[in-house]
Amino acid sequence: MLDRGEMGEPGAFLSALARSCPDRLKALAEAVLPLLGAVEVVQSRTGLVMLPFRDTVQGTDFFLGEVLVAEAHIRAGTVEGYGMVTGRDLERAMAMAVLDAGHALGLPEVAVFATREAAVQAEEDAALLRRVEATRVEMETF
């Protein structure tokens, strides 16, 4: 249910939705919601989840700490939708779940939205990495 299998790596679809602009995400969810028919809210809550991190030197995983998240799980007919975002914005998590369900139904506007958002996010990530790289200092040790 969580990985729709598009956009390259596992989870890329939901990652693109989770990182997308909240206003655009919610606006599209409002447009998609009537297309889903009757929607059952299975779960809508906030909570804490452990944040895993990898020690790059030893290659071991550990938990960095806890993160507050908002989570939503819906059912619309035979499909389910899921959303989880950092923070306590339950409306945003619900919008993500609606779009996930819409994507499971094959609504093309959801796939187009996620692809566009992933491209914007990739550009923003590349720009950030360029700014970080510009601050790198090469030092010699004796």
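The following exchange concerns the sheet of this predicted model and the patch on its surface. Residues are numbered from 1 along each chain as its sequence is written, and side-chain values use heavy atoms, without hydrogens or water. Local features need pLDDT of at least 70 and side-chain atom pairs count only at pLDDT 80 or more, while totals for chains, interfaces and linings use all residues.

Colleague: Which strands stand at the edges of the sheet?

Modeller: Strands here are DSSP runs of E with at least two residues, and helices are runs of H or I with at least four, numbered from the N terminus; two strands pair if DSSP finds at least two bridges between them. The open sheet has the order β1-β2-β3 with antiparallel pairing. Because each has a single partner strand, leaving one side without a neighbour in the sheet, the edge strands are β1 (40-55) and β3 (79-86).

Colleague: How many bridges join β1 to β2?

Modeller: Strand β2 covers residues 60-76 and runs antiparallel to β1, with F62 in β2 standing opposite F53. The number of bridges joining β1 to β2 is 15.

Colleague: Is L51 buried, partly exposed or exposed?

Modeller: L51 lies in strand β1 and belongs, with F53, F62 and L64, to a nonpolar patch on the surface. Buried means under 20% relative accessible area and exposed over 50%, with partly exposed in between (1.4 Å probe, protein chains only). Since its relative accessibility is 35%, L51 counts as partly exposed.

Methods. Patches are made of residues with over 30% relative accessible area and no salt bridge: like charges are joined within 9 Å, nonpolar side chains (Val, Leu, Ile, Met, Phe, Trp, Tyr) within 5 Å. Accessible areas come from the Shrake-Rupley method with a 1.4 Å probe; for residues, only the protein chains shown count as cover. A salt bridge is a side-chain nitrogen of Lys or Arg within 4 Å of a carboxyl oxygen of Asp or Glu.
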